[in-house]
Amino acid sequence: MDINVLDLNMSCYAHAAYHEASTKQEIIAVFNVIRNRVKSKSFGNDVCEVVYANGQFQGVTDANHEEVDQKRYLEIKSLAVDVIHFNKMLNPIGNKLHFYDDSIATPLGWKNCNIKIGRLVFCD
């Protein structure tokens, strides 16, 4: 894989997880939702298309989010390299394609919401 493409992909993974997850385990799970969506081809053809698809990862499209903490972002990007590129950690969510914060009700139509990691619930 071209190093520039790899860097762009890891940036997209990191950008989504930075805004959607708090803990290391949540971050790893969000990475795997993105990877599953790329594999499914139903949310976009590559990582960045999936992350920036309309209405999918609100944190990346919300112009009102707080300024990015560069150290935390780079730590998440480094974790993305380990998890996605080097497969150093197991996928904790299987083939799940969706997740939501447990402070809201399960979105209509989402099924098998049976994996909870931190405050995030993962669904088919």
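1. Asparagine 87 is found in the loop that joins helix H5 (70–85) to strand E1 (98–101). In this predicted model, asparagine 87 has a positive phi of about 50°, although the residue is not a glycine. A student inspecting the backbone may wish to locate asparagine 87 in that loop, between H5 and E1.

2. A second asparagine calls for a similar remark. Asparagine 112 sits in the loop between E1 and strand E2 (115–117). Its phi is positive, at about 50°, and asparagine 112 is not a glycine either. Is asparagine 112 buried, partly exposed or exposed? Its relative accessibility is 46%, so it counts as partly exposed, because that class lies between the limits of 20% for buried and 50% for exposed.

3. The overall order of elements should be noted next. The protein contains 5 helices and 3 strands. Read from the N terminus, the elements follow the pattern α-α-α-α-α-β-β-β. The helices thus precede the strands in this order.

4. What is the radius of gyration of the protein, and what would a compact globule have? For 124 residues, a compact globule would have a radius of gyration near 14 Å; the protein has 14 Å, so the two agree. The C-alpha trace spans about 40 × 30 × 25 Å along its principal axes.

5. Burial and contacts across the chain can be described together. Of the 124 residues in the protein, 43% are buried. Among contacts with a separation of 6 or more, 59% are between residues 24 or more positions apart.

6. The surface and the charges complete the general description. The protein has an accessible surface of about 7100 Å², and carbon and sulfur atoms account for 50% of that surface. There are 13 positive and 15 negative charges, and the mean positions of the two groups are 8 Å apart.

7. Asparagine 32 deserves a paragraph of its own. This residue belongs to helix H2 (residues 24–40). Its relative accessible area is 0%, which means that asparagine 32 is buried, because the limit for burial is under 20%. A polar atom of its side chain lies 2.8 Å from the backbone oxygen of isoleucine 28. Which residues does asparagine 32 touch, apart from its neighbours within four places in sequence? The contacts are with Val83, Asn91, Pro92 and Ile93.

8. Valine 47 is a further buried residue to examine. It lies in helix H3 (residues 47–51), and its relative accessibility of 7% is the reason why it counts as buried. Its C-alpha atom is separated by 6.9 Å from that of isoleucine 34, although the two residues are 13 residues apart along the chain. When neighbours within four places in sequence are set aside, valine 47 is in contact with Asn9, Cys12, Tyr13, Ile34 and Val38. Isoleucine 34 is therefore one of the contacts of valine 47 under the limit of 4.5 Å between heavy atoms.

9. Serine 78 may be considered last. This residue is placed in helix H5. With a relative accessible area of 42%, serine 78 is partly exposed. How far apart are the C-alpha atoms of serine 78 and proline 92? The separation is 19 Å, for residues that are 14 residues apart along the chain. Proline 92 has also appeared above, as one of the residues in contact with asparagine 32.

Key. Residues are numbered from 1 along each chain as its sequence is written. This is a predicted model: local features need pLDDT of at least 70, side-chain atom pairs count only at pLDDT 80 or more; totals for chains, interfaces and linings use all residues. Side-chain values use heavy atoms; hydrogens and water are left out. Helices (H or I, at least four residues) and strands (E, at least two) are DSSP runs, numbered from the N terminus. Buried means under 20% relative accessible area, exposed over 50%, partly exposed in between (1.4 Å probe, protein chains only). A polar contact is a pair of N or O atoms within 3.5 Å; within protein, one must be able to donate a hydrogen and the other to accept it, and residues adjacent in sequence count only if both atoms are side-chain atoms. The radius of gyration is taken over C-alpha atoms; the globule rule is 2.2 Å times the number of residues to the power 0.38. Accessible areas come from the Shrake-Rupley method with a 1.4 Å probe; for residues, only the protein chains shown count as cover. Lys and Arg count as positive and Asp and Glu as negative; His and the chain ends are not counted. The place of a charge is taken as NZ of Lys, CZ of Arg, CG of Asp or CD of Glu.
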